[in-house]
Amino acid sequence: MQFGIFTVGDVTPDPTTGRTPTEHERIKATVAIARKAEEVGLDVFATGEHHNPPFVPSSPTTLLGYIAAQTERIILSTSTTLITTNDPVKIAEDYAVLQHLADGRVDLMMGRGNTGPVYPWFGKDIRQGIPLAIENYALLHQLWREDVVDWSGRFRTPLQSFTATPRPLDGVPPFVWHGSIRSPEIAEQAAYYGDGFFANNIFWPKEHFKKLINLYRERFAHYGHGTPEQAVVGLGGQVFMRKNSQDAVREFRPYFDNAPVYGHGPSLEEFTAQTPLTVGSPQEVVEKTLTFRETFGDYQRQLFLMDHAGLPLKTVLEQLDLLGEEVVPVLREEFAKGRPAGVPDAPTHASLVAADRARKEQERNTEENTEATK
């Protein structure tokens, strides 16, 4: 299991003070949060991609490249790379550069994006969101695996004898997750390629996401990548903690009530009852997170959203201390108990390189055996 955090990069007023951080402060705070995530022993830091206010992470590779220079171990990921409005050629090149700079500590999550106005800003039609995601990723997948590409499709100009540079580190592309909160087509796409599927189950009841994950697992097996249990699944989550549960609820309530993503809707109590949001003690976070396996099966990556809704940097860093010291060590131990031997670990660059070398060695042996029997 990998444990980490993701940010959506919102610039939200602190409802307890009325102060809104500047964009500069928010970007610098994001870097501090990523560094803290590594310091407390987390495995992954992920950033979203947004091109509209009130968000700041419009250039994930720039942000993650800067963080890569200040960290040594943590995996740098995206919680959304917009496969619909970005050119797949640019994605192939930008993330390959990042992969080299970070010595392989990179993966990314493809997402369609749910902000309607962004599509026409980049010359796209939101009504074509699913076809764009399917076609653009097919091209990206090819660009990372073939040195010379000839290609034509519906949504961009054709390519003739094109080579994306630089080539992926060690000849192995970054691992890709496909993120979705509602689209079975994206679960199908992840299964077809044998990629990971990330269900960011932070807003809707678990029954909805259980259907998507089960579909992905079934189709993963259908396409010959392994058993349903060997499919690579990631989940989202939201937490706010204090040593005392009542203190956590009292402190977080004004942030929840005014948050742009879910404020002015269901109450905090309703939301925590129906979604993964946990507001309470570290032990309550552990207990609720462990129930995810009961619903979704053994999975590979758990990411928490912690820096949203106007929470000040000092508070977020305190949350990370609690997560790293009192929550994740217990979760690692408990999730390891009873985990079937056939359930794979979360992919890393090292494991992908090893698998690629084993595959090539097997192909060589097969060729040699074929030649010997002629």
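A residue counts as buried when its relative accessible area is under 20%, and as exposed when that area is over 50%. The model described here is predicted.

**Helix α7**

Helix α7 covers residues 206-222. At 1.5 Å a residue its 17 residues should span 24 Å, and the distance between its end C-alpha atoms is 24 Å, which agrees. The buried residues in α7 are Phe209, Leu212, Ile213, Tyr216, Arg217 and Phe220. Viewed down the helix axis, these buried residues fall within an arc of 135°, so they line one face of α7. An α-helix has 3.6 residues a turn, so residues three or four places apart point the same way. On the face of α7 turned away from the buried side are the exposed residues Lys211, Glu218 and His222.

Which elements cover the buried residues of α7? The cover includes β8, α6, β9, β10 and α10. Just after α7, glycine 224 adopts a positive phi of about 85°.

**Aromatic pairs**

Eleven aromatic pairs are found in a search of the whole structure. In one pair, the ring centres of tryptophan 177 and phenylalanine 198 are 6.4 Å apart and the ring planes stand at 90°, so the pair is edge-to-face. Tryptophan 177 belongs to strand β8 and phenylalanine 198 to strand β9, so the pair ties together parts that are 21 residues apart in sequence. Strands β8 and β9 are also among the elements that cover the buried residues of α7.

The two partners are listed below with strand and relative accessibility.

| Residue | Strand | Relative accessibility |
|---|---|---|
| Tryptophan 177 | β8 (residues 175-180) | 0%, buried |
| Phenylalanine 198 | β9 (residues 196-199) | 2%, buried |

Both values are under 20%, the limit for a buried residue, so tryptophan 177 and phenylalanine 198 each count as buried. Elsewhere, Tyr137, Tyr192, Tyr193 and Tyr223 form one aromatic cluster.

**The largest pocket**

The volume of the largest pocket is about 750 Å³. Its lining consists of 36 residues, and those closest to the pocket centre are His50, Thr80, Gly113, Asn114 and Asn200. Which element gives the most to the lining? Strand β5 does, with three residues. The elements β5 (107-111), α4 (118-121) and β8 each supply at least two residues of this lining. Strand β8 thus appears in several parts of this account: it holds tryptophan 177, it is among the elements covering the buried residues of α7, and it contributes to the lining of the largest pocket.

How values were computed
Residues are numbered from 1 along each chain as its sequence is written. This is a predicted model: local features need pLDDT of at least 70, side-chain atom pairs count only at pLDDT 80 or more; totals for chains, interfaces and linings use all residues. Side-chain values use heavy atoms; hydrogens and water are left out. Rings of Phe, Tyr and Trp (its six-membered ring) pair if their centres lie within 6.5 Å; planes under 30 degrees apart count as stacked, over 60 as edge-to-face and the rest as tilted. Helices (H or I, at least four residues) and strands (E, at least two) are DSSP runs, numbered from the N terminus. Buried means under 20% relative accessible area, exposed over 50%, partly exposed in between (1.4 Å probe, protein chains only). The expected span of a helix is 1.5 Å times one less than its number of residues. The arc is that of the directions from the helix axis to the C-beta atoms. Contact means heavy atoms within 4.5 Å. On a 1 Å grid over the protein atoms alone, a cavity is a set of points where a 1.4 Å probe fits but cannot get out, and a pocket is an open set with protein on both sides within 12 Å along at least five of seven lines; lining residues have an atom within 4 Å of a point. Grid points are joined across faces, edges and corners, and a volume is the space filled by probe spheres set on the points.
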